[in-house]
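Trainee: Could you take me through one part of this model up close? I'd like to see the main pocket and what is built around it.

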Amino acid sequence: MITADLFAAALAPVRQDESLCEGAMVLRGFALASEAALLQALDVIVAQAPFRHLVTPGGFRMSVAMTNAGPLGWVSDRRGYRYDPIDPDSGKPWPSMPAAFLRLAAEAAAYAGFAGFVPDACLINRYEAGTRLSLHQDRDEHDLGQPIVSVSLGIPAVFLFGGLQRSDRAQRVPLAHGDVVVWGGPARLRYHGVLPLKPNHHDVLGDCRINLTFRRAS
Ligand SMILES: O=C(O)CCC(=O)C(=O)O
Ligand SMILES: [Fe+2]
């Protein structure tokens, strides 16, 4: 039955997942199936909590513009980094976590081996040409047993995925619209960042890249 097998192989969805290390995976195109729902939900969030440039505790304006959805939002100011249920710009709770966000995050986490992921924070980053995110660890979350799920939308970027020490050599991972990266378990505290974006254009999102990172903050 060679022919039938060939047909089955041709019809199976093409998934090209890449392992970055134990506990970390790139799921190519994983978010494409829910693209329309994600973008619609994003519009609702940004209307309620517009993108803004936060200030680091050291007093520098971050080049990435940020907002949040969910019960907790990540904020930075002169007092430090923290999760806060209130948007400091509006004085109101952050926009609620859309169902399409929750579902995608849970599905991607489960696919990468982290079943039962229920994020309570989605940090939304907007990058333009030249914007970068320097190497850092995501370590403000209470339960480091839960993974991070990161969804790339819009123009491409090069993601840096390093080791457990800042000085460890980082892998350069090109990320395109719809790609999802999941890291947890032994990879949860790996340093990571984003190289300065090259000017580019995306049909739906224009000249920017939007990244959603789902976290269990509490
Ligand atoms: O934009 C990305 O791909 C990574 C974002 C990130 O590391 C973060 O928001 O902590
Ligand atoms: Fe991060």
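**Around the largest pocket**

Mentor: Sure, and keep in mind that this is a predicted model. Start with the strands: strand 6 (121–127), strand 7 (133–136), strand 12 (192–194) and strand 13 (209–215) each give at least two residues to the lining of the largest pocket. The pocket itself has a volume of about 640 Å³. Its lining counts 33 residues, and those closest to the centre are Met-62, Trp-74, Leu-133, Ser-134 and His-136. Sorted by class, the lining holds 14 nonpolar, 10 polar and 9 charged residues.

Now take the strands sheet by sheet. Strands 7 and 12 belong to an open sheet of 4 strands, ordered 7-12-9-10 and paired antiparallel. Strand 7 sits at one edge and strand 10 (171–175) at the other; each has a single partner strand, so one side of each has no neighbour in the sheet. On average, neighbouring strands here are turned by 20 degrees against each other, ignoring direction. Between strand 7 and strand 12, which run antiparallel, there are 2 bridges. Look for Leu-133 there: its opposite number in strand 12 is Val-194, and Leu-133 is also one of the residues closest to the pocket centre.

His-136 is worth a stop too. Besides being among the residues closest to the pocket centre, His-136 coordinates the iron ion (ligand 2) through NE2. The other donors listed are two OD atoms of Asp-138 and NE2 of His-192, with distances of 2.0 to 2.8 Å across the set. Along the chain, the donors follow the spacing H-x1-D-x53-H. As for geometry, the site has 6 donor atoms with angles of 50 to 174 degrees among them, and it comes out as irregular. For reference, ideal angles for six octahedral donors are 90 or 180 degrees.

Strands 6 and 13 take you to the other sheet, an open one of 7 strands in the order 1-2-11-8-13-6-3, again with antiparallel pairing. Strand 1 (17–21) and strand 3 (65–69) are at its edges with a single partner strand each, so each has one side left without a neighbour in the sheet. From one strand to the next, the twist averages 20 degrees. At the strand 3 end, strand 3 pairs with strand 6 in the antiparallel sense over 5 bridges. One bridge to find on screen joins Asn-68 to Leu-123 in strand 6.

Key:
Residues are numbered from 1 along each chain as its sequence is written. Chains are lettered from A and ligands numbered from 1 in the order in which they are written. This is a predicted model: local features need pLDDT of at least 70, side-chain atom pairs count only at pLDDT 80 or more; totals for chains, interfaces and linings use all residues. Side-chain values use heavy atoms; hydrogens and water are left out. On a 1 Å grid over the protein atoms alone, a cavity is a set of points where a 1.4 Å probe fits but cannot get out, and a pocket is an open set with protein on both sides within 12 Å along at least five of seven lines; lining residues have an atom within 4 Å of a point. Grid points are joined across faces, edges and corners, and a volume is the space filled by probe spheres set on the points. Ala, Val, Leu, Ile, Met, Phe, Trp, Tyr, Cys and Pro count as nonpolar, Asp, Glu, Lys and Arg as charged, and the others, Gly among them, as polar. Two strands pair if DSSP finds at least two bridges between them. Axes are lines fitted to C-alpha atoms, for helices over the stretch in contact, and angles run from 0 to 180 degrees between N-to-C directions. Donors are N, O and S atoms within 2.8 Å of the metal (3.2 Å for Na, K and Ca); water is not among the atoms, so sites may look incomplete. Four donors count as tetrahedral if all angles lie between 85 and 135 degrees; four count as square planar and six as octahedral if opposite donors are over 155 degrees apart and all others between 65 and 115; anything else is irregular.
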